[in-house]
Amino acid sequence: MFKSKITGAGHYLPEKVVTNKDLEKIMDTTDEWIRERSGIEERRFAEYGKDTTANMGTKASRIAIERAGLTVDDIDFIIFATLSPDYYFPGPGTTVQYELGGKRTIAALDVRNQCSGFIYSLSVADQFIKTGMYKNILVIGSELHSSGLDLTTRGRAVSVLFGDGAGAVVLSRSEEEGKGILSTHLHSQGEFAEALYVRGPGNFTPRKYYPKMDEDYINTTPQMDGQLVFKNAVVRFTEVIMEALKTNNYTPADLNMFVPHQANLRISQFVQRQLKLTDDRVYNNIQRLGNTTAATIPIIISEMWEKNMIKENDLHVLAAFGSGFTWASALIKW
Ligand code: UT7
């Protein structure tokens, strides 16, 4: 069987920076509350009519392909993770296939696993490469949350947390033993679906019944039981990281970098303490970008790539937890 390794990474962020102070002007919240509870200082919001979930993914992908030393026509398959698609259907993967402008009609797969979406997608890509079916796969996470958030006091418990952006990596075939994606670990627990969800549009809210439904029921903005999600996240993060390390006979002391999904700085710090990792071995960007859901981890990989923070033979663990519930990890030897 072949191995897979990340050969390029890129990201794209909308220009508009929205600070906590900016949010104070449109809802009953405070910079202090947002910083203390989540660690977030600012986030990016897309410009309507310019940025879309798909075209942000395309921009990130072009950079990833270039950094991999490839061209669009070297890409065999596109996997696109998002919870904020431009169309209800089709998903944005096919739009990226079109926007990249390659000569081939390569396959595009859309993955709906929210905060864990990128690691789930990486795992799918890894399987296609291991079996020899594809050589180079584009794995994208892109989110345009801002158009779907309730940016009023009613939605403040959720809307202050999220930001927009996109990241992408190229996963390529490799024959180097003991390097690349060492393993991926995926989990779900569907009884918690309504702990973090958007009810509609969907089959639970058919339009013809709208007149008979109360406003809360047909709400199309995200709803979250924050404390329940938090309590599960801290347990599952540690579990799924230890699962990845144990599978490969490593311990937390062997890690050069922990790349946590950025839902809350307090969650990352809690897990960091459990793993006894020093600050230089954890990468957080929630302060600058908020929670960018499926885009978070590929944005971090691309930021580390740009800052030359990834060294040959480094051991990194990626981990995510979110809506579904779903959670996942990937262990990478660079
Ligand atoms: O990426 C997907 C996974 N998501 C997560 O992992 C998120 C997990 N959960 C969390 O990060 C935290 O639960 C939150 C950051 C969402 C909330 O922090 P919390 O410490 O759990 O706060 P809370 O929900 O218990 O709310 C405390 C108070 C409430 O007021 P009362 O009832 O105590 O009077 C809220 O109404 O804070 C109020 N509140 C706000 N106040 C100012 C809620 N949102 C806001 C706000 N500004 N934006």
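# Exercises on a ligand shell and two sheets

A polar side-chain atom of Trp33 is placed 3.1 Å from an oxygen atom of the ligand. The exercises below concern a predicted model.

## Exercise 1. The ligand shell

Task: Determine which side chains, besides that of Trp33, place a polar atom by a ligand oxygen, and describe the shell around the ligand by element and by class.

Solution.

1. Start with the polar pairs, for which the cut-off is 3.5 Å between N or O atoms. Gln227 has a polar side-chain atom 2.6 Å from an oxygen atom of the ligand, and for His261 the corresponding distance is 3.2 Å.
2. Turn to the cover. On its own the ligand has 960 Å² of accessible area, of which the protein covers 73%.
3. List the nearest residues. The ligand is surrounded by 20 residues, and those that come nearest are Thr29, Cys115, Gln227, Asn264 and Asn291.
4. Assign the shell to elements. At least two residues each are supplied by α2 (31-38), α6 (156-159), α7 and α8 (265-275). The largest share, four residues, belongs to α7.
5. Sort by class. Eleven residues of the shell are nonpolar, six are polar and three are charged.

## Exercise 2. The four-stranded sheet

Task: Establish the strand order of the sheet that contains β11, and state how helix α7 is placed against this sheet.

Solution.

1. Read the order. The sheet is open, has mixed pairing and runs β8-β13-β12-β11.
2. Identify the edges. β8 (180-188) and β11 (257-260) are the edge strands, each pairing on one side only.
3. Assess the twist. With direction ignored, neighbouring strands are turned by 10° against each other on average.
4. Examine one pair. β11 and β12 (residues 315-322) run parallel and are joined by four bridges; Phe258 stands opposite Val317 in β12.
5. Add the helix. α7 (residues 226-247) packs on the sheet and touches β8, β11, β12 and β13 (326-333). The direction of α7 makes about 150° with that of β12. This helix also gives the shell around the ligand four residues.

## Exercise 3. The five-stranded sheet

Task: Explain why β1 and β5 each have a side without a neighbour in the sheet, and locate the helices that lie across its strands.

Solution.

1. Write down the order. Five strands form an open sheet of mixed pairing, β1-β7-β6-β4-β5.
2. Draw the consequence. β1 (3-12) and β5 (107-111) are at the edges and have a single partner strand each, so one side of each lacks a neighbour in the sheet. From one strand to the next, the twist averages 20°.
3. Inspect an inner pair. Eight bridges link β6 (residues 136-143) with β7 (residues 165-174), and the two run antiparallel. Ile140 has Ala168 in β7 as its bridge partner.
4. Place the helices. α5 (residues 117-130) lies across β1, β4 (77-81), β5, β6 and β7 and runs at about 170° to β6. α10 (residues 296-306) lies across β1, β6 and β7, at about 90° to β1.

## Exercise 4. Backbone exceptions

Task: Find where the cis peptide bonds ending at Pro90 and Pro201 lie, and where Lys276, with its positive phi, is placed.

Solution.

1. Recall the background. Most residues other than glycine have a negative phi, and most peptide bonds are trans.
2. Take the prolines. The bond from Phe89 to Pro90 is cis, with omega near -5°, and Pro90 is in the loop between β4 and α4 (92-100). The bond from Gly200 to Pro201 is also cis, with omega near 10°; Pro201 is in the loop between β9 (196-197) and β10 (223-224).
3. Finish with Lys276. Its phi is positive, near 55°, and Lys276 lies in the loop between α8 and α9 (286-289).

How values were computed:
Residues are numbered from 1 along each chain as its sequence is written. This is a predicted model: local features need pLDDT of at least 70, side-chain atom pairs count only at pLDDT 80 or more; totals for chains, interfaces and linings use all residues. Side-chain values use heavy atoms; hydrogens and water are left out. Two strands pair if DSSP finds at least two bridges between them. Axes are lines fitted to C-alpha atoms, for helices over the stretch in contact, and angles run from 0 to 180 degrees between N-to-C directions. Contact means heavy atoms within 4.5 Å. A residue is near a molecule or strand if one of its heavy atoms lies within 4 Å of it. A polar contact is a pair of N or O atoms within 3.5 Å; within protein, one must be able to donate a hydrogen and the other to accept it, and residues adjacent in sequence count only if both atoms are side-chain atoms. Accessible areas come from the Shrake-Rupley method with a 1.4 Å probe; for residues, only the protein chains shown count as cover. Ala, Val, Leu, Ile, Met, Phe, Trp, Tyr, Cys and Pro count as nonpolar, Asp, Glu, Lys and Arg as charged, and the others, Gly among them, as polar.
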